[in-house]
Amino acid sequence: MFNVTTKSMEWGEETLTLETGKIARQADGTVIATLGETSVMAAVTFAKKQKPGQDFFPLTVHYNEKYYAAGKIPGGFFKREARPTEKETLTSRLIDRPIRPLFVPGFKNEVLVICSVLSHDLVNDPDMVAMIAASAALTISGAPFMGPIAACRVGFVDGEYILNPEIDDMHDLRNKPEQRLDLVVAGTKDAVMMVESEAYELSEAEMLGAVKFGHEQIQPVIDLIIDLAETCAKEPFDFQPADYAELYDAVKAAGEKDMRAAFAIRDKQERTTAVSAAREAVKATLSDEQLADENLGSAFKKLESSILRGDVVATGTRIDGRDTKTVRAISSEVGILPRTHGSALFTRGETQGLVVTTLGTGDDEQMIDALNGMFRSNFLLHYNFPPYSVGEVGRFGPPGRREIGHGKLAWRALQAVLPAATDFPYTIRLVSEITESNGSSSMASVCGGSLSMMDAGVPLKSPVAGVAMGLILEDDGKYAILTDILGDEDHLGDMDFKVAGTEDGITSLQMDIKIAGITPEIMEKALEQAKDGRIHILNEMANALSEGRNEFSAHAPRIETMTVPTDKIREVIGSGGKVIREIVEVSGAKVDINDDGVIKIASANADSIKKAYDMIHSIVAEPEEGKIYDGKVVKIVDFGAFVNFFGKRDGLVHVSQIENRRLNHPSDVLKEGQDVKVKLLGFDDRGKVRLSMKMVDQATGEEIKEDKADA
């Protein structure tokens, strides 16, 4: 019934296995990749005909995690997998980015890649396994795919690069100073296609070394996929790229002059209008047959690309008049919104981000139900890209894949410089509203986010800035690396290379290549050029703010932390939460306690914090021998009086310790409810508390020396 093909190899400390021919046989290509006990099935299907009028490549990648893979049942009311999680969305983008440029130019048939996690050992992250499975499935499917690719994750500990670190080693790197890098590399046999990283101030040389290490480690995986394909790949799909040379010549002859003049306009909106007008002028000269040609869009793009790219490589001058290394004019402002906890407006040329910081308590942390377990996050960054930011009418609603991806990139860049949660016990939420965009709004979010947090009083280790680099690589080998790219340079260029970091090193790197990879030499030069741009931007940002403010906004909560013994947690909470609710009601502060005994007390009112602190302290603290306490008489007996002196702790003042004279009965001088001052003498053999009143001046609360007390 089955014609199964299996290929295996030792990769790092695990066995990597590729299998096809048993499951999902009606797809064009299906491969189950297994690393350790983590298995991901990738199924590929593609349309055998192009839709009429299709003018772009409709590739769709879906990565989905099945909770049964880890022996879990999903949370929530419906108890089933629903909308994609952030991890699923980011992994879908991660798979899409390196495979998209490798389809044969001109191929516009619909392609669908679905990656499903079938088994998860909680050790090997399924995202890398999914990328390998997708590449293998595409390679054997017969689709015009110029792969294969492979991918791996790289860590960096004590100067050594680590291949595919375990999940636990890569979780919450902010609290793991020994692990300085989480980097994903994807590439072909000859070149790197994609890089995504979270780093802790790595030097350019260390980052480049990690990329090279990752590219070396994926080579045997590529060989394994080729071995699989040689055994069971389907016949290549008969696809011939359309020949639109005559159409391009007609478009060029009719529109090159006007298009070149349009690209010489430096203002984005005016340039966009002029390019549209030049297009319409060209269309007016074309025949009905040429206008109906589905390659017309490609012809226009080729003309625009040749003008922009050729001029930059030939002259070193870009469409807005800059040279290849100059960053656009920068304006930074902070504290522009009066009621927020922190705010910044960062403008770089025609790209602008309004970034707002909100400080919260432990109640505001995000709970994340992941395949490998439940965890909390106290740093959130949400990125919004409304249509008006590019002067367009378009979709407005929940965040899409692009917004989630750009927000995560900015999150990675900034979280590396956040203070430890024990030093700064706040939940931090950043919202980046992109109000204008013409290239690299994610890096504007990094710059604005850094300023906004410093405006809110967050003690960052160092300010962070980001810059987007571009590449134009011509067929003759000539190239130009561009600092701070425009939207058109991103659209018509060969690389989008985003680098963020501090003065001391890189905190995040993301690279997407639109051609068959770039050489290490080009990448090294791009990193050095990016460093110069990053330092320039940091200096410009310092004109607004160079470090966190010493005071919070009057509207931000204050949080004080205290740690109690774990065996006292139950006493603080009380039966059914009775005690902690009383503390909150009486003090007016928010109180959060975790399983380690760390208590966060939050309020905008300092008195409320102190009241809650004192109430908790009275519950968990132990009375100290020899110390004087304020107390209240709660019961009088023949041999003395019981006094409540420390939270709910009572102690006995023996009749001989009430006054320096003989009393017939304690009621001669005391009554229930009376306020008194007592000194803790100690504890008897049975642990009972012994108190003294006669050793304390009841008026002043000062201690009376023992010889005077006995006089």
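Me: Before we look at single residues, what do buried, exposed and partly exposed mean here?
Reply: Happy to start there, and do keep in mind that this is a predicted model. Buried means under 20% relative accessible area and exposed means over 50%. What lies in between is called partly exposed.

Me: Thanks! Is Glu110 buried, exposed or partly exposed?
Reply: Glu110 has a relative accessible area of 39%. Buried needs under 20% and exposed needs over 50%, so Glu110 is partly exposed.

Me: Which residue forms a salt bridge with Glu110?
Reply: Side chains of opposite charge can pair when their charged atoms come close. For Glu110, the closest N and O atoms of the salt bridge are 3.6 Å apart, and the partner is Lys51.

Me: How many residues apart are Glu110 and Lys51?
Reply: This pair links distant parts of the chain. Glu110 sits in the loop between helix H1 (86-99) and strand S6 (111-119), while Lys51 sits in the loop between strand S4 (38-46) and strand S5 (59-65). Lys51 is partly exposed, because its relative accessibility is 48%. Along the chain, the separation of the two is 59 residues.

Me: Now a pair within a helix: about how many helical turns separate Glu280 and Lys283?
Reply: The side chains of Glu280 and Lys283 meet in a salt bridge, at 3.8 Å from N to O. An α-helix has 3.6 residues a turn, so residues three or four places apart point the same way. Because Glu280 and Lys283 are three residues apart in helix H7 (residues 268-283), their separation is about one helical turn.

Me: Are Asp484 and Arg322 buried or exposed?
Reply: These two form a salt bridge, with the closest N and O atoms 3.5 Å apart. The pair links distant parts of the chain, 162 residues apart. Asp484 has a relative accessible area of 0% and Arg322 one of 9%. With the cut-off at under 20%, both count as buried.

Me: Which residues are joined into one network by salt bridges that share partners?
Reply: The structure holds 40 salt bridges. Some of them share partners, and one network made this way joins Glu65, Lys87, Asp125, Asp127, Arg153 and Asp182.

Me: How many of the residues of H1 are buried?
Reply: H1 reaches 21 Å from its first C-alpha to its last, close to the 20 Å expected at 1.5 Å a residue. Its buried residues include Glu88, Arg93, Asp96 and Arg97, along with Leu90 and Ile95. The helix is mostly covered, and the count is 12 of 14.

Me: And how far does helix H13 reach from its first C-alpha to its last?
Reply: Helix H13 spans residues 520-541, and Ile522, Leu527, Arg534 and Met541 are among its buried residues. With 22 residues at 1.5 Å a residue, the expected value is 32 Å. The model comes close to that, at 31 Å.

Me: On the surface, what charge does the patch around Glu166 carry?
Reply: Glu166 lies in the loop between strand S8 (160-163) and helix H3 (167-170). At 41% relative accessibility, Glu166 counts as partly exposed. It gathers with Glu13, Asp158, Glu160, Asp168, Asp169 and Glu178 in a patch whose charge is negative.

Me: Last one: about how much accessible area does the nonpolar patch of Met1, Phe2 and Val4 have together?
Reply: Val4 lies in the segment before strand S1 (5-11), and its 38% relative accessibility makes it partly exposed. Together with Met1 and Phe2, Val4 forms a nonpolar surface patch with an accessible area of about 350 Å².

Methods:
Residues numbered from 1 in each chain as written. Predicted model: local features only at pLDDT ≥ 70, side-chain atom pairs only at ≥ 80, totals over all residues. Heavy atoms only, no water. Patch = residues over 30% accessible without salt bridge, like charges linked within 9 Å, V, L, I, M, F, W, Y side chains within 5 Å. Areas by Shrake-Rupley, 256 points an atom, 1.4 Å probe, with all protein chains shown as cover. Salt bridge = Lys/Arg side-chain N within 4 Å of Asp/Glu carboxyl O. Lys, Arg positive; Asp, Glu negative; His and termini not counted. Charge placed at Lys NZ, Arg CZ, Asp CG, Glu CD. Helix = DSSP H or I, 4+ residues; strand = E, 2+ residues; numbered from the N terminus. Buried < 20%, exposed > 50% of the residue type's maximum accessible area, 1.4 Å probe, protein only. Expected span 1.5 Å × (residues − 1).
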